Amino acid sequence: MGIRVEIREAVFADLEAVRKTGRLKDFLAKLVRLEDEGQVIGFPLGHHGESQLTGWDKIVVGDRNWRIVFRMRDETTAIVGIIGDRDDDECYRELGRRVGPARRLG
């Protein structure tokens with residue numbers, strides 16, 4: 001059985017930004033892979049500057065500068081918290097703002 005991938009409202013704006021780069025197909029392929037394979041395709045995160053992102057995983061996309069960051073809600077559901085460019089760790093700081101002090105989304 002596959003993994004259900006939930007994309008939060010803020011992530012739709014992220015996808016729109018990716019669409020403008022012409023790389024949307026690459027991101028969608030990684031999201032399908034997340035559905036098929038689950039958490040094993042991600043790499044665990046911890047501290048990223050000011051953000052404590054333990055419990056979140058990243059998926060590297062394309063030229064290694066793009067990220068999909070998600071966490072598993074349970075064994076069958078992944079929640080995507082952000083999709084973006086990792087330059088200067090901005091996507092990690094933005095995820096920290098999105099999840100707030102509780103560090104959980106969904």
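## Overall architecture

Buried residues account for 42% of the 106 residues in the protein chain, which is described here from a predicted model. The protein chain contains 3 helices and 7 strands, and, read from the N terminus, its elements follow the order β-α-α-β-β-β-β-β-β-α.

Among contacts between residues at least 6 apart in sequence, 52% join residues at least 24 apart. The surface that the protein chain exposes comes to about 6000 Å², with carbon and sulfur atoms supplying 49% of it.

## The sheet

An open sheet is formed by 5 strands, arranged in the order β1-β7-β6-β5-β2 with mixed pairing. Because β1 (4-7) and β2 (43-44) stand at the edges and each has a single partner strand, one side of each is left without a neighbour in the sheet.

At the β2 edge, 2 bridges join this strand to β5 (residues 57-61), and the two run antiparallel. P44 has D57 of β5 as its bridge partner.

## Helices against the sheet

Helix α1 (residues 9-21) lies across β1, β6 (66-74) and β7 (77-85), and runs at about 45 degrees to β7. Helix α3 (residues 90-99), in turn, lies across β5, β6 and β7, running at about 135 degrees to β7.

Within α3, the residues C91, Y92, L95, G96 and V99 are buried. Seen down the axis of α3, these buried residues fall within an arc of 145 degrees, and they therefore line one face of the helix. Just after α3, G100 adopts a positive phi of about 65 degrees.

## Nonpolar cores

The largest nonpolar core has 18 residues, of which F27, L34, I68, F70, V80 and I83 touch the most other members. Two or more residues of this core come from each of α1, α2 (24-37), β5, β6 and β7, and β6 gives the most, with 4 residues.

The surroundings of I68 can be given in detail: leaving aside its neighbours within four places in sequence, I68 is in contact with F27, K30, L31, D57, K58, I59, V61, V80, I82 and I83. Apart from the largest core lies another core, of 9 residues, which includes W56, V69, L95 and V99; of these, L95 and V99 are also among the buried residues of α3.

Terms used: Residues are numbered from 1 along each chain as its sequence is written. This is a predicted model: local features need pLDDT of at least 70, side-chain atom pairs count only at pLDDT 80 or more; totals for chains, interfaces and linings use all residues. Side-chain values use heavy atoms; hydrogens and water are left out. Two strands pair if DSSP finds at least two bridges between them. Contact means heavy atoms within 4.5 Å. Axes are lines fitted to C-alpha atoms, for helices over the stretch in contact, and angles run from 0 to 180 degrees between N-to-C directions. Buried means under 20% relative accessible area, exposed over 50%, partly exposed in between (1.4 Å probe, protein chains only). The arc is that of the directions from the helix axis to the C-beta atoms. A nonpolar core is a set of buried Ala, Val, Leu, Ile, Met, Phe, Trp, Tyr and Cys residues joined through side-chain atoms within 4.5 Å. Accessible areas come from the Shrake-Rupley method with a 1.4 Å probe; for residues, only the protein chains shown count as cover.
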